[in-house]
Amino acid sequence: MLTDISDVLADPVDGSPLSLDSCGSRLGSASGRQYDIAGSGYATLTIDEVHADRADDDSMVTARETFLSRGHYAPFVEAVTGAVQLALDDAGVDDDAHPVICEIGAGTGYYLSHTLDDVEGARGVGIDLSVPAAERLTACHPRVGAVVADARHRLPLRDSSVDVVTVVFAPSNPEEFARVLKPGGQVVVLTAEAGHLTELREPLGILDVPEGQAHQVVEQSSDWFDPVGEPELVEFTMRLDQESIATQTGMSPSARHIPSDLLAERAARLPEHMTLTARATVTRLQVR
Ligand SMILES: C[S@@+](CC[C@H](N)C(=O)[O-])C[C@H]1O[C@@H](n2cnc3c(N)ncnc32)[C@H](O)[C@@H]1O
């Protein structure tokens, strides 16, 4: 809930601290701005209109919820949670210190809620540009507060307030991550690698993931972060039926770039079951 994390929230315009009003229906900043909290419990902390073009729409979020609930990406969620635990251990932070874990582009909260189950005293901030995602995030775990915000802009978080930032198949903003992390804090990034879902590329006409994604993550953040060890490759196969493949495609960027009827037509020509490769790397970065 937002009450659990209101001590880390800040005005997206000037960074001044936000606090909840007595009814819990608004957040107010020290500089006088007011931000409404939706009936379902998330706050919208954006500096201007939400640009929904990049945000997942309701059908993408529903597809993501369905696909992830079937456990197909369980090795990915285990790897992210394991990396968060290592990051907290490196910083010497115990569960009873109530660490703050912030996921950027958190979607349905599948990864964040799994991590909070593992780190018992932790509190979660789920940030996403998508309103349908924020609605899922408010309900995903009792210790998650959901915020609609744009990760490309100033994050609505106070300086040095977060223990670990996680980014799972979502946009990054290393300069802002360095500002909001506590000294010794880390970023955990999961990025798709070349070969991810490669069996679907040709039949569905979707783009392949370029080589060297983990290397790029390290390079783009090198002004503020040092890598912790080597990126960890997580690779496994999934046997999916046609319907699960359609659900996977519905939550991926292809859902945006290929007309849905054309994608459905191509998906209908796939075999009834396929074995697909899942391939991504977990990179940990420590703030300098
Ligand atoms: C591929 S999904 C990943 C969702 C989640 N991390 C997961 O793996 O289940 C990318 C998410 O990032 C969100 N997103 C895209 N651009 C964003 C931005 N500029 N700021 C915040 N969230 C953004 C989308 O709405 C979407 O929920």
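**Entry 1: strand β7**

I began with strand β7, residues 144–148, and found the strand mostly covered, with five of its five residues buried. I note at once that the model is a predicted one. I then asked which residues of β7 lie on each side. On one side I listed V144, A146 and V148, and on the other G145 and V147; all of these are buried, and both faces of β7 are thus recorded as covered. I kept in mind that side chains in a regular strand alternate between the two faces of the sheet.

**Entry 2: the partners of β7**

I looked up which strands pair with β7. Strand β4, residues 43–44, pairs with β7 in the parallel sense over two bridges. Within that pairing, A43 has V147 of β7 as its bridge partner. Strand β6, residues 123–128, also pairs with β7 in the parallel sense, over five bridges. Here I noted two positions: V125 has G145 as its bridge partner in β7, and I127 stands opposite V147 in β7. V147 therefore appears in my notes on both pairings, and V147 is buried under the cut-off of 20% relative accessible area.

**Entry 3: strand β6**

I turned to β6 itself and asked how many of its residues are buried. The strand is mostly covered, as six of its six residues are buried. On one side I found R123, V125 and I127, and on the other G124, G126 and D128. Both faces of β6 are covered.

I next examined strand β5, residues 100–104, which runs parallel to β6 and is joined to it by five bridges. In this pairing I104 stands opposite I127 in β6.

**Entry 4: the connections between these strands**

I followed the chain from strand to strand. β5, helix α4 (residues 110–118) and β6 make a right-handed β-α-β unit. β6, helix α5 (residues 131–140) and β7 make a right-handed β-α-β unit as well. β6 thus belongs to the unit with α4 and to the unit with α5.

**Entry 5: the ligand**

I asked which residues come nearest to the ligand. There are 20 residues around the ligand, and G105, D128, D150, A151 and V168 come nearest. D128 was already in my notes as a buried residue of β6.

I then looked up distances from nitrogen atoms of the ligand. One nitrogen atom is 2.8 Å from a polar backbone atom of G105. In the case of D150, a nitrogen atom of the ligand is 2.8 Å from an N or O atom in the side chain. For R152, a ligand nitrogen atom is 3.5 Å from an N or O atom in the side chain. The protein covers 93% of the 600 Å² of accessible area that the ligand has on its own.

**Entry 6: the sheet of β1, β2 and β3**

I moved to an open sheet of three strands, in the order β1-β2-β3, with antiparallel pairing. Why does one side of β1 and of β3 lack a neighbour in the sheet? β1 (18–20) and β3 (34–36) stand at the edges, and each has a single partner strand, so one side of each is left without a neighbour there. The twist averages 25° from one strand to the next.

I checked one pairing more fully: β1 and strand β2, residues 26–29, are antiparallel and share three bridges. L20 has L27 in β2 as its bridge partner.

**Entry 7: single residues**

I looked up Q186, which lies in strand β9, residues 181–192. Is Q186 buried or exposed? Q186 is buried, since its relative accessible area is 0%. Its side chain makes a polar contact with the side chain of D90, at 3.1 Å.

I also looked at backbone angles. Most residues other than glycine have a negative phi. H98 has a positive phi, near 50°, and is not a glycine. H98 lies in the loop between α3 and β5 and counts as partly exposed at 43% relative accessibility. L197, likewise not a glycine, has a positive phi of about 55°. L197 is found in the loop between β9 and α7 (198–204), and L197 is buried, with a relative accessible area of 5%.

Lastly I noted G71, in the loop between α2 (58–69) and α3 (74–91). G71 is partly exposed, with a relative accessible area of 32%. G71 and P253 are 182 residues apart in sequence, while their C-alpha atoms are 20 Å apart in space.

Methods:
Residues numbered from 1 in each chain as written. Predicted model: local features only at pLDDT ≥ 70, side-chain atom pairs only at ≥ 80, totals over all residues. Heavy atoms only, no water. Pairing = 2+ DSSP bridges. Helix = DSSP H or I, 4+ residues; strand = E, 2+ residues; numbered from the N terminus. Axes fitted to C-alpha atoms, helices over the stretch in contact; angles between N-to-C directions. Buried < 20%, exposed > 50% of the residue type's maximum accessible area, 1.4 Å probe, protein only. Right-handed = clockwise from strand over helix to strand, strands pointing away. Near = heavy atom within 4 Å. Polar contact = N/O pair within 3.5 Å; in protein donor to acceptor, adjacent residues only side chain to side chain. Areas by Shrake-Rupley, 256 points an atom, 1.4 Å probe, with all protein chains shown as cover.
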